[in-house]
Amino acid sequence: MNLKLNVNKIKTITVGDEAYPENLMHIYGKPQTLYVLGNEKLLDAQSIAIIGCRKASDYGLKNAYKFGYELAKKGICVVSGFARGIDSYAHKGALAAKGATIAVLGCGLDVVYPPENVDLYKQIVMNNGAIITEYPLGSRPEKHHFPARNRIISGLSDGVLVVEAKERSGTLITVEYALEQGKNVYAIPGNITSENSYGTNELIKEGAIPITKIEDFEL
């Protein structure tokens with residue numbers, strides 16, 4: 001879905017600009033340009049990324065919302081990728097807490113993907129959040145954009161919380177970036193019979209920090 005945006009409200013930030021986020025300066029393949037709609041000051045806020053399955057279970061959606069809400073209540077900015085499922089519920093939880101959230105897109109700022117998130121898009125901007133992308137206006141949500149976008153999600157954040165992830169999941173690409181960038185990786189334990197929890201349970205076995213309550217985060 002395409003939006004008609006006032007281009008004067010879009011900030012263009014390039015490497016070397018004072019407003020370029022410090023966290024992204026230190027990652028491999030840092031984006032040369034960021035397009036920002038909303039509160040660009042959030043780019044340097046203390047933040048946690050919340051990520052997971054697009055086809056999430058009720059358990060996953062409830063936890064994405066819960067921890068989005070609770071982190072935002074503590075003044076932590078919630079970063080996610082605006083996708084269906086876990087991402088959307090993490091943003092919604094942060095908004096319900098009247099807290100800060102950043103959505104990182106895999107398309108131009110004038111393209112809402114998925115299209116059913118048009119109201120969420122508007123709510124983020126209207127409530128002092130930020131929508132950001134490295135792709136110029138008019139860029140479509142191409143498949144290869146999303147793995148690349150994931151390095152920005154982890155790069156902006158001080159840690160990454162995986163709510164649900166299948167054995168082979170795009171979510172785990174973000175985890176790989178986070179580990180490469182030296183970020184804490186957190187994971188919510190799941191039902192061992194659920195394919196949506198296979199990835200999170202494996203991450204915990206491999207050393208991810210298990211999260212069952214807000215106090216478990218190393219903030």
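**View 1. β3 and β7 run parallel and are joined by 4 bridges.** Within this partnership, A49 of β3 sits opposite V160 in β7. On the other pairing shown here, β3 and β4 are also parallel, with 3 bridges between them, and S47 faces C77 of β4. Two strands count as paired if DSSP finds at least two bridges between them. The names come from DSSP runs numbered from the N terminus: helices are H or I runs of at least four residues, and strands are E runs of at least two. A quick note before going on: this is a predicted model, where local features need pLDDT of at least 70 and side-chain atom pairs count only at pLDDT 80 or more, while totals for chains, interfaces and linings use all residues. Residues are numbered from 1 along each chain as its sequence is written, and side-chain values use heavy atoms, leaving out hydrogens and water.

**View 2. How well covered is β3?** Mostly covered: 6 of its 6 residues are buried. Buried means under 20% relative accessible area, exposed means over 50%, and partly exposed is in between (1.4 Å probe, protein chains only). Look at one side of β3 and you'll find S47, A49 and I51 tucked away. Flip to the other side, and I48, I50 and G52 are buried as well. In a regular strand, side chains alternate between the two faces of the sheet.

**View 3. Here's the whole open sheet, with its 9 strands and mixed pairing.** Read across the sheet, and the order goes β1-β2-β6-β5-β4-β3-β7-β8-β9. The edges belong to β1 (10-14) and β9 (209-210), and each has a single partner strand, so one side of each has no neighbour in the sheet. At the β1 edge, β1 pairs with β2 (residues 33-38) in the antiparallel sense, over 5 bridges. Zoom in on that pair and you can spot I10 with its bridge partner L37 in β2.

Helix α4 (residues 118-126) packs on the sheet too, touching β2, β5 (101-104) and β6 (130-133), and its direction makes about 110° with that of β6. Touching here means contact, with heavy atoms within 4.5 Å. Angles run from 0 to 180 degrees between N-to-C directions, with axes fitted to C-alpha atoms (for helices, over the stretch in contact).

**View 4. Helix α5 (residues 145-156) lies across several strands.** Follow α5 over β3 (47-52), β4 (77-80), β5, β6 and β7 (159-164). Against β5, the helix runs at about 160°.

**View 5. Helix α2 has a buried side and an exposed face.** The residues buried in α2 are G60, L61, N63, A64, F67, G68, L71 and A72. They sit on the same side of α2, because they cover an arc of only 165° around the axis. That arc is taken from the directions from the helix axis to the C-beta atoms. What covers them? Among the covering elements are β3, β4, α3 (86-96) and β7. Turned away from the buried side, you'll see the exposed residues D58, K62 and K73.

The length of α2 works out as well: its 16 residues should span 22 Å at 1.5 Å a residue, and its end C-alpha atoms are 22 Å apart, which agrees. The expected span is 1.5 Å times one less than the number of residues. Just after α2 comes G75, with a positive phi near 85°.

**View 6. K98, N128 and P114 are spots where the backbone does something unusual.** Most residues other than glycine have a negative phi, and most peptide bonds are trans. K98 isn't a glycine, yet its phi is positive, about 60°. Find K98 in the loop between α3 and β5, where it counts as exposed at 79% relative accessibility. N128 has a positive phi too, near 70°. It lies in the loop between α4 and β6 and is exposed, at 51% relative accessibility. P114 sits in the loop between β5 and α4, and the peptide bond leading into P114 from Y113 is cis, with omega near 5°.

**View 7. D44 and D119 round off the tour.** D44 is in the loop between β2 and β3 and is partly exposed, with a relative accessible area of 47%. Beyond its neighbours within four places in sequence, D44 is in contact with Y20, P21, E22 and N23. D44 and Q123 are 79 residues apart in sequence, and their C-alpha atoms are 21 Å apart in space. D119 belongs to helix α4 and counts as exposed, at 54% relative accessibility. From D119 to G170 is 51 residues along the chain, with 25 Å separating their C-alpha atoms.
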